[in-house]
Amino acid sequence: MQFDQTIFALSSGHLPSGVAVIRVSGPHCRFVTETIIGALPTSRQAQYGVLKDTSGGIIDHGLTLFFPAPASFTGEDVTEFHVHGGRAVVAAVLQCLSSLPGCRHAEAGEFSRRSFLNGKMDLLGVEAVADLIAAETEAERRLAVQNSSGIQAELYAAWRRRLIHARAMIEAEMDFSDEGDIPGSVSDMVWRDIETLVVEIYDHIAGFRRTEIIRDGFDVVIVGAPNAGKSSLLNALLERDAAIVADEPGTTRDLVETVLDIDGIKVRLTDTAGLRDGAGKVESIGIDRARRRAEHADLVLYLRDVADFSDLLPYSGEGVLRIGSKVDLSETQPSTIMYDCLVSSVSGEGLETLRSLISSRASASLGNRSDILPSRLRHVELLQQALKALQTAASDETKPLELRAEDLRQASHVIGRVSGEVDVEDLLDVIFSQFCVGK
Ligand SMILES: Nc1nc2c(ncn2[C@@H]2O[C@H](COP(=O)(O)OP(=O)(O)OP(=O)(O)O)[C@@H](O)[C@H]2O)c(=O)[nH]1
Ligand SMILES: [Mg+2]
């Protein structure tokens with residue numbers, strides 16, 4: 001696709017930095033490069049030299065790389081200027097570029113958009129690269145890099161091939177039936193495969209919960225009686241003072257939400273108000289919030305002072321770890337039957353064990369790392385449409401074959417929209433506006 005305008009942006013990170021990379025893409029790239037460094041460098045070879053503005057003033061010394069179309073990120077002529085990452089240096093380069101004819105600053109995601117429109121990458125590919133840039137934990141990076149390798153696109157392409165095959169079989173059957181010769185077994189085979197496909201798509205969509213955990217974090221909530229040492233435990237796990245600690249019961253009233261990285265997985269750790277009856281108005285609101293938060297948590301850490309024998313453990317079950325706190329104060333060894341783990345936020349005892357218990361629960365919630373997962377809600381929504389069409393087609397045997405074949409066509413069409421193979425013009429603004437500038 002030919003674009004009239006040449007776009008540019010700072011493609012590297014926050015300034016100041018050692019080096020800043022300014023990327024230029026479009027039909028005026030050669031002219032821009034010649035204007036700024038005097039001549040076009042050898043393709044794909046870094047050339048060191050002086051960068052000048054339009055009136056001949058020196059901006060900086062740096063590297064220039066030229067990638068002729070179509071072998072570039074966008075599929076257009078692309079130039080990269082690697083300059084010193086000072087704010088004024090970058091501002092001067094951008095100022096110079098914007099004064100050149102046909103050049104303007106790029107919008108969010110515009111380089112990726114051109115790359116997609118020029119067939120360099122499919123939509124899943126550009127989204128995976130954006131996810132790779134946004135990845136903060138090892139788990140996020142792994143998911144993004146796996147999807148950027150094209151396996152997610154390949155899965156959907158394989159589903160579409162199966163649907164095309166199924167439609168071909170059904171159409172053949174319709175032709176046969178005109179001649180009064182109906183090979184029923186062929187049709188049965190097709191519908192059996194559609195039923196299998198329904199299960200596969202359903203399972204794949206269910207995997208989105210795992211993507212959410214990878215991206216938003218494994219949700220861990222600390223609950224327990226006032227003074228059990230919840231805030232102290234949160235601070236000890238975080239290795240900083242995020243929550244106020246005091247010997248007064250009822251210190252924490254609101255939720256204190258924090259994020260930490262345990263073995264490459266994002267964990268959202270929340271401290272809550274101590275649970276007790278007869279609390280005042282504000283504290284009671286906090287206790288309600290604590291209960292509600294714990295109900296929706298992936299894991300509850302139920303904390304109790306090992307010297308406290310007053311209450312039963314109100315929280316139990318799969319999603320709960322029972323933690324005995326303040327073991328440093330205990331003269332006798334507390335019962336290990338009562339607790340999954342014993343800790344002291346003061347001496348640090350048991351914290352590593354607790355960390356690894358959380359880690360193994362979080363890791364188990366992510367399932368098999370090699371499974372292909374949908375990476376965006378957009379994918380899930382389209383796949384749900386496909387699923388619905390397939391379920392209708394497979395379940396209603398009284399429906400005329402033409403209409404059931406049309407359901408299959410519809411399903412194949414929406415699956416094609418996920419990777420951008422068909423009819424996605426309407427999706428592009430939303431998708432690329434979520435990207436950063438310079439990407
Ligand atoms: N010796 C000892 N003291 C602890 C330990 N953990 C907490 N404490 C003390 O116990 C008291 C209460 O600790 P917090 O962490 O504020 O307890 P909490 O459960 O958050 O209490 P609320 O916010 O009131 O519900 C403070 O005086 C802490 O210093 C521990 O492991 N060992
Ligand atoms: Mg507290």
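**Close-up views of a predicted model**

**View 1. Two neighbouring strands meet at arginine 304 and glycine 324.** Arginine 304 has glycine 324 as its bridge partner in strand 11. The model shown here is predicted: local features need pLDDT of at least 70, side-chain atom pairs count only at pLDDT 80 or more, and totals for chains, interfaces and linings use all residues. Residues are numbered from 1 along each chain as written, chains are lettered from A and ligands numbered from 1 in the order written, and side-chain values use heavy atoms, leaving out hydrogens and water. Six bridges link strand 10 (residues 299–305) to strand 11 (residues 320–325), and the two run parallel. Strands here are DSSP runs (E, at least two residues), as are helices (H or I, at least four), numbered from the N terminus.

**View 2. Step back to find the open sheet of six strands.** Follow the order 8-9-7-10-11-12, and you will meet mixed pairing along the way. Strand 8 (256–262) and strand 12 (341–342) are the edge strands, each pairing on one side only. Two strands count as paired if DSSP finds at least two bridges between them.

**View 3. Ligand 1 has 23 residues around it.** Lys230, Ser231, Ser232, Gly250 and Asp328 come nearest (around means a heavy atom within 4 Å). Look for a polar side-chain atom of aspartate 328, which sits 2.8 Å from a nitrogen atom of ligand 1. The backbone joins in as well: a polar backbone atom of alanine 228 is 3.2 Å from an oxygen atom of the ligand, and a backbone N or O atom of alanine 246 is 3.3 Å from an oxygen atom of ligand 1. Such polar contacts pair N or O atoms within 3.5 Å. On its own, ligand 1 exposes 650 Å², and the protein buries 87% of that (Shrake-Rupley method, 1.4 Å probe).

**View 4. Two prolines follow cis peptide bonds.** Leucine 15 and proline 16 are joined by one of these bonds, with omega about -5°. You can find proline 16 in the loop between strand 1 (6–10) and strand 2 (17–25). Another cis bond joins alanine 69 to proline 70, with omega about 0°. Proline 70 belongs to the loop between strand 4 (58–67) and strand 5 (78–85).

**View 5. Glutamate 239 has a positive phi.** The angle is about 60°, although this residue is not a glycine. To locate glutamate 239, look in the loop between helix 9 (230–238) and strand 8.

Technical notes
A polar contact is a pair of N or O atoms within 3.5 Å; within protein, one must be able to donate a hydrogen and the other to accept it, and residues adjacent in sequence count only if both atoms are side-chain atoms.
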